[in-house]
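Colleague: Can you walk me through this model? Short answers are fine.

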Amino acid sequence: MNKQFAIGIDVGGTALKCGVVAEDGSLVYCFTEAIKRESGEAGIVEQIAECITKAAAVVQDKGGIICGTGVGFPGIVEEDVVIGGADNLPGFEQLHLGRLLQERTGYRTLVDNDANMMGMGEWIYGAAKGCSDIVFLTVGTGIGGALVINNQLYGGYRNRGTELGHIIIRQGGIACSCGSRGCFEAYASVAALIGHYQLLKQDMPDTVDGRHIVEGYFLQEDAAVAAMAYHFDYMATGIAGYINIFSPQKVVIGGGISEAGDFYIREIAARVAQLAMPAASQQTALAAATLGNKAGLQGCAAKVFQSLTGSTPQ
Ligand SMILES: [Zn+2]
């Protein structure tokens, strides 16, 4: 019998990742392209379609069957329609992206929010495999999130919710990218970590990123230690809230900083233990994501296998 594959597309603000994924989650082919932002909405849709066609040719060369395509897209997505809110991609409002790509490529195409797709990947193939209830966070410039409740990806009514980066943890606090103030993201993102480090540090080097601060933390540099402690405190504050609401089996933390080392999860978990209600948290484990920057592609594929073939990916 011919093997089945799904095509995954992960659309970011600057780059587009495309991959071919087998049912066991293995990535058999993958490439990244810079988004042709200058070509506008129609040009970007065409670029995505061309990537799907290129990936499909690889599957056909292997004699495989394509079950469909999954696309992870920033912002709000309802039933394969991009509603809007992708701040880093102008246009893309009320766009029937799933239908357009399907007409253009001939393959059934499912579209969901990019963080939902990453959470789906970690749930089916990664750190939360086998769990029925998870909270997933991706910590980077902002904080994205996904929820799995009782074995289903949950996005709220018409998929408008689970903006886990935008729970308000400090009334009237720091301005957030969403237009509000005091959001979890404004305190616990890597951008917030860098901002706080810059406040503490007088002789700033020109370029600072999360990695630089983690290195300083290992060297016991005062500003880095203090900035990381602030980051851990706020991560734990948000996560304790999620645990009290959802009592998940796992809270999975993704994004580059989650790969900093075992200490990262350990420091947050120790603080969460002080903050969350014991009954809600006793079954919850914190874990680093395991799929890295391929989680979105694998999640896109998992969604295709689950929705279009009716099979539970293994
Ligand atoms: Zn916000």
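Colleague: Why does V135 count as buried?

Modeller: V135 has 28 C-beta neighbours inside 10 Å, so V135 counts as buried. The cut-offs: buried takes 20 or more other C-beta atoms within 10 Å of the residue's own, exposed takes 12 or fewer, and partly exposed is in between, with C-beta atoms placed from the backbone. Before we go on, this is a predicted model: local features need pLDDT of at least 70, side-chain atom pairs count only at pLDDT 80 or more, and totals for chains, interfaces and linings use all residues. Residues are numbered from 1 along each chain as its sequence is written.

Colleague: Where is V135 found, and what does V135 touch?

Modeller: V135 is in strand 8. Strands (E, at least two residues) and helices (H or I, at least four) are DSSP runs, numbered from the N terminus. Setting aside residues up to four places away in sequence, V135 touches L147, Y242, F246, P248 and V251. Contact here needs C-beta atoms, placed from the backbone, within 7 Å.

Colleague: What separates the C-alpha atoms of V135 and W123?

Modeller: 9.5 Å, for two residues 12 apart along the chain.

Colleague: Which strand does strand 8 run antiparallel to?

Modeller: Strand 8 (residues 134-139) is joined to strand 9 (residues 143-149) by 6 bridges. Two strands pair if DSSP finds at least two bridges between them. T138 has G144 in strand 9 as its bridge partner.

Colleague: What is the strand order in that open sheet?

Modeller: 10-9-8-11-12, so written for 5 strands with mixed pairing. Strand 10 (152-154) and strand 12 (285-288) are the edges, each pairing on one side only. Neighbouring strands are turned by 25° against each other on average, direction ignored. Axes are lines fitted to C-alpha atoms, for helices over the stretch in contact, and angles run from 0 to 180 degrees between N-to-C directions.

Colleague: Which helices lie across or pack on it?

Modeller: Helix 3 (residues 114-124) lies across strands 8, 9, 10 and 11 (250-254), at about 50° to strand 9. Helix 7 (residues 222-246) packs on the sheet too, touching strand 8, strand 9 and strand 11. The direction of helix 7 makes about 145° with that of strand 11.

Colleague: OK, the other sheet. What order do its strands have?

Modeller: This open sheet of 5 strands has the order 3-2-1-4-7, again with mixed pairing. Its edge strands are strand 3 and strand 7 (109-113). The twist averages 15° from one strand to the next. Helix 3 lies across strand 1, strand 4 and strand 7, at about 100° to strand 7.

Colleague: How many bridges pair strand 1 with strand 4, and in what sense?

Modeller: 7 bridges, in the parallel sense, between strand 1 (residues 4-11) and strand 4 (residues 65-73). Q4 has I65 as its bridge partner in strand 4. Strand 2 (residues 15-22) and strand 3 (residues 27-34) run antiparallel, joined by 7 bridges. K17 stands opposite T32 there. Their hairpin has 4 residues between the strands, and G25 takes a positive phi near 90°.

Colleague: Which residues other than glycine have positive phi?

Modeller: Q94, near 50°, and R158, near 55°, are among them. Q94 is in the loop between strand 6 (81-84) and helix 2 (97-105). R158 lies in the loop between strand 10 and helix 4 (184-188).

Colleague: Are they buried or exposed?

Modeller: Q94 is exposed, with 9 other C-beta atoms within 10 Å. R158 is exposed as well, with 10.

Colleague: New topic. What does the domain assignment give?

Modeller: Domain 1 (4-119 + 293-308) and domain 2 (131-290). Such bounds come from an automatic or database domain assignment. The C-alpha centres of the two lie 27 Å apart. The contact takes 10 residues from domain 1 and 14 residues from domain 2.

Colleague: Which element gives the most on the domain 1 side?

Modeller: Helix 3, with 5 residues.

Colleague: And where does the largest nonpolar core lie?

Modeller: Both domains give residues to this core, so it lies between them. A nonpolar core is a set of buried Ala, Val, Leu, Ile, Met, Phe, Trp, Tyr and Cys residues joined through C-beta atoms within 7 Å. This one has 94 residues, and I239 is one of those that touch the most other members. Helix 7 gives the largest share, 11 residues.

How values were computed:
Two residues are in contact if their C-beta atoms, placed from the backbone, lie within 7 Å.
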